[in-house]
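Please take a moment to look over the model below before reading on. The paragraphs after it are meant to be read slowly, with the structure kept in view.

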Amino acid sequence: MKLDDKLFLVRFNTDKLNHIKILDPNVCLKKCQDKPCTRFCPAHVYDWDEEEKRISVGYEGCLECGTCLIGCPFGNIDWKYPRGGFGVSWKNG
Amino acid sequence: MENFDVIIVGGGPAGLSAAISAAKAGMKTVVIERGDYPGTKNVMGGILYTKATDMVVPEFWKEAPLERPIVEQRIAMLSGDESILAGYRDPAWGVEPYNAHSVFRVKFDRWLAEQAEKAGVMIITETLVEDLLYQSNNVVGVRTGRAEGDLGAKVVILAEGVNNFLAVKAGLAKPLKPASVAVTVKEVIALPKEKIEDRFCLEEGQGATIELYGDSTAGLMGVGFIYTNKESISIGVGAILEPLIRNHWTPNDLLENLKSKPYVKRLLQGGETKEYLAHLIPEGGYKEVPKLHRQGVLVVGDTAMLMNSLNREGSNLAMISGKIAGEVAAESIKSGDVSDQAMTVYETRLRDSFVLKDLHHYRHMAKFFEDNPHLLKTYPKLFSKAIKMYLTADGTPKKDRQKEIIKMALENRSIAGLIKDVYGAWRALL
């Protein structure tokens with residue numbers, strides 16, 4: 001089963017404010033060869049945009065696990081919880 | 001600013017247990033939860049332990065929304081398409097006083113929050129706590145994300161879950177490292193209850209668990225799991241983040257890898273995936289337990305790294321740490337002393353309980369597996385080969401076969417290596 005189809009099953013109360021920030025896009029472009037965030041995020045929130053030469057962040061699909069905050073080798077992801085009441089709302093948990 | 005005796009940050013099992021015990025001791029208690037209601041942000045594999053829960057809400061099983069009492073626990077070791085199985089079943093676990101149940105946290109935590117409310121706890125939802133409030137270095141409350149959202153408290157209990165933002169800000173914990181968390185994903189797959197009971201050989205309403213090692217995580221340090229619910233199966237896999245990154249796995253590919261294993265596939269066949277979930281599990285063990293207290297603050301549950309991964313116990317450690325923290329908060333407030341010194345009672349009681357005793361007992365385990373990554377690759381393969389050779393009836397006399405097996409084992413691992421592994425495992429696990 002494809003990840004996109006699985007993510008379609010998740011319930012969100014999407015905030016218009018983005019709760020994830022790449023601190024310095026230059027770090028992704030110049031220092032980070034491996035770009036592990038494009039793999040370790042269970043929701044594939046992070047993707048390398050070859051045209052714009054930056055990591056694109058689909059914060060709307062964030063499952064709020066916190067992996068990116070710990071996994072980014074350069075500490076370059078400023079990940080916080082969404083504002084109270086927003087974000088993922090599990091059906092089963 | 002409204003003032004409380006005890007503010008608890010986070011409405012999971014640890015926070016709600018703390019709230020119940022503080023309120024029962026007469027404290028004006030509030031739980032601040034960022035979700036729509038307690039439960040909607042909460043994820044675990046799905047096993048709730050009876051004894052710990054009973055200590056928080058006596059005879060909870062008569063009312064709480066539970067899935068199935070667990071009567072059988074299996075362990076599977078996967079090697080390629082091969083599997084080695086072991087299990088234990090006791091029908092007595094299917095009746096009172098039980099041992100454990102599968103649960104869904106959205107339903108269960110909501111119910112537990114209702115029990116807290118019955119005990120007099122106030123629950124504020126859809127509210128994120130952003131920081132602690134200080135007055136000349138003393139913690140005096142919390143700052144929330146709401147306008148004019150400061151709330152005063154004599155004691156704040158941090159039950160914010162694995163992501164320990166506030167504990168770090170308060171100087172109690174360090175930021176988590178990729179080697180000390182397991183990134184875990186899970187699917188809830190709907191199946192008719194008769195099919196579940198047939199496939200797992202269960203009496204009506206009873207449940208089983210399977211923990212899967214070896215190739216269930218493609219040899220990464222971690223574990224797969226399958227738990228039966230009333231009308232669904234939860235299947236998940238967790239791996240330590242550091243090797244997952246190093247080996248270029250994605251969490252979903254790891255889960256799909258597990259689902260495709262012959263032993264697993266047949267259990268799930270025909271099921272419909274209802275939800276896909278992700279969560280971190282704190283795996284730092286005893287050596288990474290943060291400072292558990294300071295003046296006016298106690299740290300509980302996942303935030304305190306209280307997780308016994310070998311026995312997949314977490315919810316019970318959370319609830320007992322919460323219960324003790326609520327009691328200590330109440331006692332300190334009543335005696336008018338919430339100093340760091342007064343709060344050490346919390347740590348002492350955790351050390352006297354199974355919570356820190358178990359973590360201490362397994363204190364070498366994380367490093368043992370970290371230093372010996374071959375264990376999860378070599379042994380499942382070696383055991384599978386050995387058992388296959390032993391069980392294959394091809395006319396070879398058994399005595400010759402046994403010699404072949406020993407020869408094969410020693411080709412895969414030297415005698416010195418075997419001794420080192422056994423000694424290491426003995427030291428780490430026993």
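What follows is a walk through confidence, cysteines, empty spaces and one annotated region.

It should be said at the outset that this is a predicted model, and that the predictor itself supplies scores for it. For the complex, the predictor gives an ipTM of 0.98 and a pTM of 0.97. For chain B, the mean pLDDT is 97, and 100% of the residues in this chain reach 70 or more.

The cysteines of chain A are a good place to begin. A disulfide is a covalent bond between the sulfur atoms of two cysteines. How many disulfides are there over all chains? The count comes to zero, and two of the cysteines help to illustrate the reasoning. The closest cysteine sulfur to that of Cys41(A) belongs to Cys65(A), and because the two sulfurs are 6.1 Å apart, they are too far from each other for a bond, given that a disulfide requires a pair of sulfur atoms within 2.5 Å. In the case of Cys72(A), the closest cysteine sulfur is that of Cys32(A), but it lies 6.3 Å away, which is again too far for a bond. Cys41(A) counts as buried because its relative accessibility is 12%, a value under the cut-off of 20%. Cys72(A) is buried too, with a relative accessible area of 13%.

From the cysteines we can turn to the spaces left between atoms. Rolling a probe the size of a water molecule over the atoms shows where empty space is left. In this model there are four cavities of 30 Å³ or more, and the largest cavity holds about 100 Å³ of space. Which residues lie nearest the centre of the largest cavity? They are Cys28(A), Cys32(A), Cys37(A), Ile55(A) and Cys72(A), out of 13 residues that line it. Sorted by class, the lining of this largest cavity has eleven nonpolar residues, one polar residue and one charged residue.

Pockets can be described in a similar way. The second largest pocket has about 230 Å³ of space. It is lined by 18 residues, and the closest to its centre are Ala173(B), Lys174(B), Glu288(B), Pro290(B) and Met305(B). By class, the lining of the second largest pocket has ten nonpolar, three polar and five charged residues.

Finally, an annotation from a record can be set beside the model. In an unreviewed entry, UniProt places the feature "domain: FixC-like C-terminal" at residues 365-429 of chain B. In the model, this span is 83% helix and 0% strand, and its end C-alpha atoms lie 6 Å apart.

How values were computed
Residues are numbered from 1 along each chain as its sequence is written. Chains are lettered from A and ligands numbered from 1 in the order in which they are written. This is a predicted model: local features need pLDDT of at least 70, side-chain atom pairs count only at pLDDT 80 or more; totals for chains, interfaces and linings use all residues. Side-chain values use heavy atoms; hydrogens and water are left out. pLDDT is the predictor's confidence in each residue, from 0 to 100. Buried means under 20% relative accessible area, exposed over 50%, partly exposed in between (1.4 Å probe, protein chains only). On a 1 Å grid over the protein atoms alone, a cavity is a set of points where a 1.4 Å probe fits but cannot get out, and a pocket is an open set with protein on both sides within 12 Å along at least five of seven lines; lining residues have an atom within 4 Å of a point. Grid points are joined across faces, edges and corners, and a volume is the space filled by probe spheres set on the points. Ala, Val, Leu, Ile, Met, Phe, Trp, Tyr, Cys and Pro count as nonpolar, Asp, Glu, Lys and Arg as charged, and the others, Gly among them, as polar. UniProt positions are given in the numbering used here, feature names are shortened, and annotations may be inferred rather than shown by experiment. Helices (H or I, at least four residues) and strands (E, at least two) are DSSP runs, numbered from the N terminus.
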